[in-house]
Structure formats: C-alpha cells, structure tokens
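The exercises that follow are to be worked with the sequence and the model side by side. Each task is followed by a solution that proceeds step by step.

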Amino acid sequence: MKRKSLLLYVLLFAAVTLSQAGNFYFHTAKKKGETITIVCTYTGKLIVNGVYGDIVSGKASTLKVKETGGQISIQGAVTQLNLSNCALTAFGTRNNTEIQELWLTKNQLTALNADSPKGCPNLSSVAIYANKFTKTGVYDIGRYLPDRTGKTPGQLHVYSEDMNDHNQFNSALAHLLKYKNWQVISYRRGGPSNGVIEQDIYIQFTSGLKTGERMSIYMQYPSANQEDIYFYDNISGKAVNGLGYYKITGVGQSSITLDGVKELNLNPGASKDQPIKEISEIQSPVLEELYFRRSGVTKIDLSKCPKLTRVGCYGNGMTADQLIAMIKTLPKVSSGALDIYRSGIPNNNKWNNKVIQAANQRGWKVYALNNDNWEVLEAQDESTFHTITLKTDKQVGEKIDLWTTYEKDTSLELKGLEGTPVNGNWATYKLTSQEVSIRGAITEFSVVNDKVSSMSLEENNTLRRLFFCNNLVSDGLDLSEQHALEEVRCEMNGIKGVSMGQFIDFLPNRKGSAVAGKLRLSSVDDLDEGKNEYEPADIMAAAASGWYVTEFESSEQPHRIVHPGSISFTTNKKTGSTVNVFTQFYLPIELQGLEGTPKDGGWSELKLMSIKGTLTGSLYVLRISDSEVSDVDMHRNPVISTIIFDGNQLKTMDVTGCVALNSIDISNNQIVGKYMTAFMNSLPQIPSGQKARLTLSMVDRNAEGNKYTSEDLAIATKKGWSVVDQDFTPITEGNATGIESILAPNATDNTIYTLDGIRLFTPVDELPDGIYIIGGQKQIIDHSK
C-alpha cells in the first residue's frame, strides 16, 4: 500500500512539474508517415505528442508524423527550439519561462496562434523569415515579445534577401519593438552581412487633447500604402486618405507610421487651435509637405525628412531663436516654402531678420498670410536696427520732449532733431524735420502728448519700456522685433478694431518668461475722443503671448489688470471641503471663494472658502466633474471655449454671450423641460464651416438625469452644434429622452407627467385643470365639464 502511494505521489509530482514547463504546439502540412527534423535543447524530461521518435537535446532529431493534419506538441524545459523547414502551417506557445531562442524559418506560416509568444520573459531571438506572414501577423508577434529594456537587444529575423521570402511587414514593427529593445533583422546568408531594419518612416507626438477626444489629421499617400499606415500609442483609428478623425485613447506619446505619406497636416484648416504638446520625432524619406499650424509646437527636428519642400507652422508661439533652430534642420532645397505667420490669430510666431536669412540660405522662402493674402517676407538692411522712427504733426521749429535711457558707455544718433540726449531723463529737442529717428542701445523710450502720428521700431534687443501715451498713433505698432520689451503704455491713441487686433498680434512673445508683460491700453480718466477700444478677444490674444492688459487707475495702482472674463459656480459641498478642477489658461487666474493654485493644463485641488467659487482671467478650458455643483454663472464670458460640468446637480444652464464656446459637456445633470429649452436657446450660433460639440447624456441614456425633446435637439442643430453622448454617439431626434419618450406608442401604464416632463403622484381625479401626459397620451383635465 505504501509503495502504491509513493508511486502515485511521484507520478503526480511529475505531472505538476510538466504542467508548469513550456508547451509548444503546431501543425504541419506533411502527411502521415513523412518526416520532420527538429533541433531542441532542453533539460529534464520532454513529452512529445503527434510524432514517432525521440528528441535528443541539442541534436538534429528526425521524427515521423503520426496523423495528417494532427497537432504536434512538445512540453518541457526547452531553451532553444528550431522548427525550420518543417512545412508548419500553425504554431503557438505562451507562458513559457525557459525558451530563449525560437526558429520557425522556411515554413508556411501566415501568423502565430493567438497571443503567441506572450509570457516568454527570457526570449531573446526569434527567426521567422521565408514564410508567408501578413503584416498583421508579424506585428502581432512584436506585440507579445517581452520587454528587454536594460538587457542586450533581442533580435527578430523577419526577412531574407536571398530567399523567395513572402513575409510582409512595415516600419510600424520596428517602431513598436524599439521601445522593447528589440532589433528587426534582415537575414543574409553569410551572417556578417545581416542588417538591422530601422524604423525610418513615422511621427511621434504628444497631443494636448483629452482622452476620448478626436484629432483631425489630413494625409495624402498612394492607395497601395493604405495598410502600411498604423496609429498606436494613445491614438487609434483606420487611416483615411484625406481628412480623417482619430480618437485619443490615453495620455502620453502617440505614433503614426508614415509609409508612403507625402503630405501630413496635423491641424487641417487651422481654423482653431488643436493642441500638440510636442513632436518628439519625425522621419520620412518621402514626406514632402508638413503642416502643424496652431498646434503649440515650439521645437521640432526635421533633419530626417530630406524630401521636404513645404512646411507650415504659423500660430505656434515660436520665438525667433526657436524658428532658427527648426530652420537649421530643414533640407537644403532649390525652392522651399515656409509659412510662419498669419494675421488675426493669437499666439503668432515671432520672427526677425535672422530668421529670414537662415531660411533663405537653405533655399527656403518665408511666407506670411495677411488678410488671406500670402506675402513673401524679405530680409531687411541691418544698418537700420536699433532705430526708433516717428512722425509728428508738430511743425518744424517746434519743441518735442523725449525720455531716453540707453546703455552705459554708448551714445545716440539723432536725425531731424537738435538737442542733447540726457541718459535716464527727459530732454527737449527742436524739430528740424517732422520725421525724426533715434538710433542706439535704448532701454527706455517715452514720447507723451507730442502729436506723434506714427512710429516704427526696427529690431532691438535692448528696449524694455516704451511709453507713447496721448498721441495719434491710431494704427498701432509692430513691436515683434523688440525682444526685451516688457512694458508698454499707450492709452489715448485711438487704436481700435482691426488696428488694435494687429497691434496685439505684433507684441513680442513673452509666453514662458518669468514675468508677464504689461500692456496699458486705457486709463479711468480717458476721454471718449481719442481713447483706445479693445475687446475681450484682444485681451485674450495678449494673454496668449504672455501680456496682461492693464488700465491706469491711480498712481498707487498704475497697472490694474483688465480680465477678459470670469466663471462662478455654487456647490452643495461644505465650506472647507475640496473640489478638483481642470483648467487651461494663458496667464495665472485669480480666485474668489477658493484657495489653492490652479494648474495650466492639469487638475488642481482647490479648497472651498465659500459655497460659491469664482475663477477670473484668461481661462479658456474649465472642467468640474462630480462636485455637487448646483449653479453656474458664466457672466456672459466671451472667451471660454470649453466647459465640462458632468455628474453634477445642475437644473439650469445659461451660456448667453459665451461666443467662443465650442465644446460643452453637461451630461448626468438634472436639466429638464423648459429649462433645457432655455439652455438650448442660449447656445451661441456657430459660424458656418466650424464645429461645436454638446455632450448631453451618459452612454446609458436611460440613467441620464437630463431630459431633452426633439425640439430641443433641433434648436442645437440649427445653431451648428453636434449633440452626442459621452461615447460621442450622436443623439438624434429619434432618441430624445424628454416628453416625446413619455408619448411613446407602447406606453401602457397610467404614469402622470406635466408637459415639462415632471412626474406627478397625484390621483387623476385630484389633478388641477390643465394638460398632462397620462399613460403615454396627452390628455386635458377640465373639472368644469
């Protein structure tokens, strides 16, 4: 009895041991009785099924197939397995902790079995050349190879140049394996001539969009390359030849293979910003046109795109130095086109003479889009640099007062003036011409109340403060070349409309500087005649370039900040508790009723000092989710573009006057009946050709607290809004959740609702006179009859 128990224990132990060892299973096209040759290195016991014969570790072993089409399996602690030239039609292995080398060459494989070779942590070499793998089949192998970061690179032999190889693969494979520390190898007989296949056709970038949002991308490529273009690493979708929309699936870097792509536009239309935090890598031997306008990219290396002839990058807020750094990576061409500026948009690039010269030296012309007309920017004569030129309506012989501060041990060159400059103070000059100029290393310059009608400033790296108040410079100034400028005072010049917009567009970019610039456009004492006029959009544009717009209030407060808008919310949370808030803004925002520091482009935890909190400033994205918010006051905010208040307790919402809004999410709230209709009527009209999205419901619409009718949806649609649920599925008139759902023909109960969709529990005979929805039908209650 003891002997039988011991034997049973030994068999059970062996079975458990083998069940934990690696298992390989495969099929061959060879018929019953035909032979295959296997080379297998292993330790311990090996179990082989489906063939006749024994496998000797480390030796070529010839085995006879038992059944045509039958499965063959090998189980044991195998470290090396070579199944080359075995007419394999299927192969699989997973959770194999011992295997290090696997050779499956010269077979008939198109793919490996599901998940193979997943769970093989010590695998370092796989050879599959001379098979019939599809691109997907090869890519799937790469997905399941182990990460060898910190170890010697793994090698995946996918192709043979001197065999009739039918494997298909593209650069997506090498890019995928790059981050797992694997090399993709092209095999050549003779060994030393083996070559590493580099991933040389791809772009890697980090989107500023949120998970679930869709990114528009325009591509042009030969139709034969359709299957060679992959989206992965936090972006998904099937490539579209032309304009396509692709879903952001996570935070971090995204990648696209660019096999055959000759034109790539990461913000087609460029009608609004589509944020991209960075383009970390791009390389393609065929890409000819690249556009990343209004994306926020300030640094990019284009040295691995030798065929480029057109690049569009306006609206990125690039400094002159950043533009030059990019230009130095452009290929030298005979005729390239580089657009760097577009009038009328925020966050424009800043260029100077050196930018144009650097581009011209590499064969590139520099373009600006001014009022829908493309203009070539020409390099200027540098002999005029550091020159301030002004025209005055005063007559020759009259006096003019100028304040000049200039660098120590330097002097000023004057034209049209008689007099001697005083460094760091006012000086009075006699006009010898109505057009005068001052050239030198000026750091501060003031001309006040002297009938100056125009000014121009050439490139200057020293000017920090410029005052030209109470003059006639109604066309504004181009200050884009004043790289050190940090303060401007220009109230009472009559700058307004398009001139004001262009003036702000041409401010030097201080975004990212330690101190924001100050632009004083007005005073509390300004007279109606001659005062400047500006809109919240102008304030927002200045903020996008790192400038506060200010107003003179008193000598104690010479720079009162003028904010473009504010948003307040009321919550049912207790004072002292916290709310999580996601914000995006250009300059730091002010808080009332809240304590903490909002983050630009991130979440922050703010403490409630009151049940009502207010955020004021250049805020353009605000999200407060699941925070018991019961009321939101937008203050007719004209600059906010995205608001998300999902999962709260809102019963009303009014966005009247919020003309910049193009994205709203108020799903999982309690807005119903006439309040939903009022909200829809408050939506801004979206201009033709632009898009706006209103997220009104959770994916489970039956659980949604908001109720909306077909009429409500029609109002939003007429205003240019696309109404969707949280999964971006369109909500159409046929699936409204409001009163029309109550009127569904299949309603059989006697539930009572008001016309606003509010359920009542009053017996029918006790209802006041009026119209109700009873049992799914509209009925009139009139007790006088």
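**Exercise 1. A serine and its surroundings**

In which strand is serine 437 found? Establish also whether serine 437 counts as buried or exposed, and list what serine 437 touches beyond its sequence neighbours.

Solution. The model is a predicted one, and the first step is to place the residue: serine 437 belongs to strand β30, which covers residues 435-439. The second step is accessibility, where serine 437 has a relative value of 12%; since buried means under 20%, serine 437 counts as buried. The third step sets aside residues up to four places away in sequence, after which serine 437 touches Thr387, Ile388 and Thr389, and also Glu413, Leu414 and Lys415.

**Exercise 2. Helix α6 and its packing against α7**

Identify the buried residues of helix α6, say what covers them, and describe how α6 and α7 pack.

Solution. Helix α6 spans residues 497-505, and its buried residues are Ser499, Met500, Phe503, Ile504 and Asp505. Among the elements that cover these buried residues of α6 are the strands β22 (336-342), β34 (487-489) and β35 (517-523), together with helix α7 (536-544).

Turning to α7, one finds that the axes of α6 and α7 are 9 Å apart and that the two helices pack at an angle of about 10 degrees. Because angles under 35 degrees count as roughly parallel, α6 is roughly parallel to α7. On the α6 side the contact is made by Met500, Gly501 and Ile504, and on the α7 side by Asp538, Ala541 and Ala542. Sorted by class, the residues of this contact of α6 with α7 are four nonpolar, one polar and one charged.

**Exercise 3. The pairing of α8 with α9**

Determine at what angle α8 and α9 pack, and which residues make the contact.

Solution. Helix α8 comprises residues 673-682, and it packs with α9 at an angle of about 10 degrees, the axes being 9 Å apart. The helices α8 and α9 are therefore roughly parallel to each other. From α8, the contact is made by Met676, Thr677, Met680 and Asn681, while α9 supplies Asp712, Ile715 and Ala716. The class division for the contact of α8 with α9 is four nonpolar, two polar and one charged.

**Exercise 4. A buried lysine without a partner**

Where is lysine 719 found, and how far away is the nearest side chain of opposite charge?

Solution. Lysine 719 is found in the loop between α9 (710-718) and β49 (721-725). Although buried, lysine 719 has no salt bridge, and the nearest side chain of opposite charge, that of aspartate 654, is 9.9 Å away. A salt bridge requires a nitrogen to oxygen distance within 4 Å. When neighbours within four places in sequence are left aside, lysine 719 is in contact with Met680, Asn681, Leu683, Pro684, Gln685 and Ile686.

**Exercise 5. Salt bridges and the parts they link**

How many salt bridges does the structure hold? Compare the settings of the glutamate 491 and aspartate 646 pairs.

Solution. The structure holds 16 salt bridges. In one of them, glutamate 491 pairs with arginine 520, with the closest N and O atoms 2.7 Å apart. Glutamate 491 lies in the loop between β34 and α6 and arginine 520 in strand β35, so this pair ties together parts that are 29 residues apart in sequence. Both partners count as buried, glutamate 491 at 7% relative accessibility and arginine 520 at 6%.

In the second pair, the side chains of aspartate 646 and arginine 623 meet at 3.6 Å, N to O. Aspartate 646 is in the loop between β46 (642-644) and β47 (663-665), and arginine 623 is in strand β44 (residues 619-623), 23 residues apart. Here aspartate 646 is buried, with a relative accessible area of 8%, whereas arginine 623 is partly exposed, with 24%.

**Exercise 6. Two positive phi values**

What is the phi of lysine 106 and of methionine 492, and where does each residue lie?

Solution. Lysine 106 has a positive phi near 60 degrees, and methionine 492 likewise has a positive phi near 60 degrees. Most residues other than glycine have a negative phi. Lysine 106 lies in the loop between β7 (101-103) and β8 (125-127) and counts as partly exposed at 38% relative accessibility. Methionine 492 lies in the loop between β34 and α6 and counts as buried at 12%.

Technical notes. Residues are numbered from 1 along each chain as its sequence is written. This is a predicted model: local features need pLDDT of at least 70, side-chain atom pairs count only at pLDDT 80 or more; totals for chains, interfaces and linings use all residues. Side-chain values use heavy atoms; hydrogens and water are left out. Buried means under 20% relative accessible area, exposed over 50%, partly exposed in between (1.4 Å probe, protein chains only). Helices (H or I, at least four residues) and strands (E, at least two) are DSSP runs, numbered from the N terminus. Contact means heavy atoms within 4.5 Å. Lys and Arg count as positive and Asp and Glu as negative; His and the chain ends are not counted. Axes are lines fitted to C-alpha atoms, for helices over the stretch in contact, and angles run from 0 to 180 degrees between N-to-C directions. Angles under 35 degrees count as roughly parallel, over 145 as roughly antiparallel, 65 to 115 as roughly perpendicular and the rest as oblique. Ala, Val, Leu, Ile, Met, Phe, Trp, Tyr, Cys and Pro count as nonpolar, Asp, Glu, Lys and Arg as charged, and the others, Gly among them, as polar.
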